Amino acid sequence: MSRYLDRIEVPKDLKMLSKKELSELCGEIRELMITRLGATGGHIGSNLGMIEATVALHYVFDSPVDQIIFDVSHQCYTHKLLTGRKSAYLDPEEYDSVSGFTNPAESEHDIFSIGHTSTAISLASGLAKSRDLKGEKNNVIAVVGDGALSGGEALEGLNNAATLGSNLIIVINDNDMSIAENHGGLYQNLRLLRETGGTAECNLFRALGLDYCFIRNGNNINTVIDVLSRIKHINHPIVVHMCTMKGYGYLLAERNKENWHYKDPFDVGTGKVLLKTETHDTYENLTRDFLVEKMQKDSTIVAITAGTPKIFGFDENLRKQYSKQFVDVGIAEEHAIAMASGIAKNGGKPVFGVSSSFLQRAYDQLSQDLALNHSPAVILVFFAGISQGSQTHMGIFDIALAINIPNLIYLAPTCKEEYFHMLEWGLEQNENSVMIRVPGIVATSRNVALLSSYSQPVQYEVVEQGRKVAILALGKFFSLGKGVKDRLEEATGIKATLINPRYITGVDVELLEQLKENHQLVIILEDGVIDGGFGEKIARYYGCSSMKVLNFGARKEFVDWVTVEEQYEKYHLTVEQIVSDIFYELKSPDFPETC
């Protein structure tokens, strides 16, 4: 065991160490953290940069009585290590026993499950308000970093925190980075404050009515302890502006902060990723190539990202090369969609790339700013569908979110040919707000029948004509549908009809009526939550007929780090399970012909 770490079981054990010993403890944690991250992968830069500050927080305050909320919480590894979960960082057999974000199911020291950005100040304000109403005296501390201030909720939180009138400590971890470089005017003010040691007259936080103090070196544990100890019992809201280095203590991460924000398992000595992957075309890289080619020919095309520029492959060099046609709005999806609507309304051609789970932040902008105004912007939804990851990053809710918004066409391509044809159409048309659900990570190919236009009326693609059973396999699940069709014919002799719906929004009424003539059962496969999803639209259409409908997709639940294979088995999404369910339904009594 380590010299000091083996003496730490709970945060109060830190108080038995001298400041010199605390500094040495940080070194032990850093070495341990790098070893574990090499084996598991994870958020590297943010965690290495927060070790000293996290030890200082737990040395000065008394968690969980004092409540510490980490924004995004992907910088919480040291916090977890100090709060009873040490074995998950020491023992390779237990590396997977904790998630990468705070989670109250793991520990009383984790106040909230947090994986999305810009929420901590609002959450902390609520905790502080409740504390005051109950007459309690504990501290509430929000730790905000990695570009989270660019999110609108963070600014709303700051604006209202200033009026609280009681203890609320907001630690701004300023490492001059988001996932990539920071964007936006407020970061210019942070830079000014860094350059002037916090003395500049122009001060965003003071302007909002907040008290303010500055820590030049947040990687010096003695300095952080001194400042936190001084303000611990403050009776009003205060911002502690603390400068740290992302990736601190690991030279590779210090030199290339963007690439080391998150990494798959890697060799600690060389930094090379350990996983051997075959070379495939990915939708990320193919989308980048498509957009670059289009930008070269058309100066009105604008690629937009909300703090995740590599979602469609734009590295630092490309961002500089196309600086006039590439906009990173920071972690602000709401602004991105509203801005895209404005660009489109004035004749530009915006393409906004966003992760499915981050799209949730911008529902109102999708509905009001974009669709209500018929703005012909294109939104590409990446990382959609069932996946293995944090419960905060589930990509299964986008279909249910967008399917009922008027004037919005949401398309589900099955392959790269269909995807780029839809993207081309979306860019060149000027009547519809268009979303496209990117069909996975690795690009697949098939001989697909393409439409000249994806406007109304909705037209599904009948890929193979059959009888008795119709399989509507949406987007990425088309290959699953093909597998079900082939296995069903092999097992029962039934040659099913295989359909590519193409559209998430909209029903092909003519085709669904035709299916009534020689089909008894329609099954829908969608890589998303069933409740409120695409399949429910089909089931509702057939509700008063004799047609049976089976919907296959994800259950309405939060799933934390469960393998895709386990989820498929649980949700009856394997070929054998689906065929078995079909066979069972065909043997059961028919539904009544009328309601």
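Visitor: Let's start with Glu424: what does this residue count as in terms of accessibility?

Guide: Bear in mind that we're looking at a predicted model. Buried would need a value under 20%, and exposed one over 50%. Glu424 comes in at 30% relative accessibility, so the label is partly exposed.

Visitor: Which residue forms a salt bridge with Glu424, with the closest N and O atoms 2.5 Å apart?

Guide: A salt bridge here takes a Lys or Arg nitrogen within 4 Å of an Asp or Glu carboxyl oxygen. At 2.5 Å, the closest N and O atoms of this pair fit that rule. The partner is buried, with a relative accessible area of 17%, and the residue in question is Lys294.

Visitor: How many residues apart in sequence are the parts which that pair, Lys294 and Glu424, ties together?

Guide: The salt bridge joins Lys294 to Glu424. Lys294 sits in helix α12 (residues 283-297) and Glu424 in helix α18 (residues 416-428), so the parts being tied together are separated in sequence by 130 residues.

Visitor: Over to Lys485: which strand holds Glu464, its salt-bridge partner?

Guide: The Lys485 and Glu464 side chains meet at 3.2 Å, N to O. Lys485 lies in helix α19 (residues 478-492) and its partner in a strand covering residues 461-464, so the pair links parts 21 residues apart in sequence, and that strand is β14.

Visitor: Is Lys485 buried or exposed?

Guide: The cut-off for buried is under 20% relative accessible area. Glu464, across the bridge, has 22% and is partly exposed. Lys485 has just 1% relative accessibility, so this one counts as buried.

Visitor: Which helix holds both Lys482 and Asp486?

Guide: These two form a salt bridge as well, with the closest N and O atoms 2.9 Å apart. They also belong to a network of salt bridges that includes Glu464, Lys485 and Glu489. Lys482 and Asp486 are 4 residues apart, about one turn, and both lie in helix α19.

Visitor: Which strands stand at the edges of the open sheet?

Guide: The sheet has 5 strands, paired in parallel, in the order β2-β3-β4-β6-β5. An edge strand has a single partner, so one of its sides is left without a neighbour in the sheet, and that describes β2 (67-70) and β5 (211-215).

Visitor: And in β3, which residue is the bridge partner of Phe70?

Guide: β2 pairs with strand β3 (residues 140-145) in the parallel sense, over 4 bridges. Helix α6 (residues 120-134) lies across both of these strands and β4, running at about 175° to β3. In β3, Phe70 finds its bridge partner in Val143.

Technical notes:
Residues numbered from 1 in each chain as written. Predicted model: local features only at pLDDT ≥ 70, side-chain atom pairs only at ≥ 80, totals over all residues. Heavy atoms only, no water. Helix = DSSP H or I, 4+ residues; strand = E, 2+ residues; numbered from the N terminus. Buried < 20%, exposed > 50% of the residue type's maximum accessible area, 1.4 Å probe, protein only. Pairing = 2+ DSSP bridges. Contact = heavy atoms within 4.5 Å. Axes fitted to C-alpha atoms, helices over the stretch in contact; angles between N-to-C directions.
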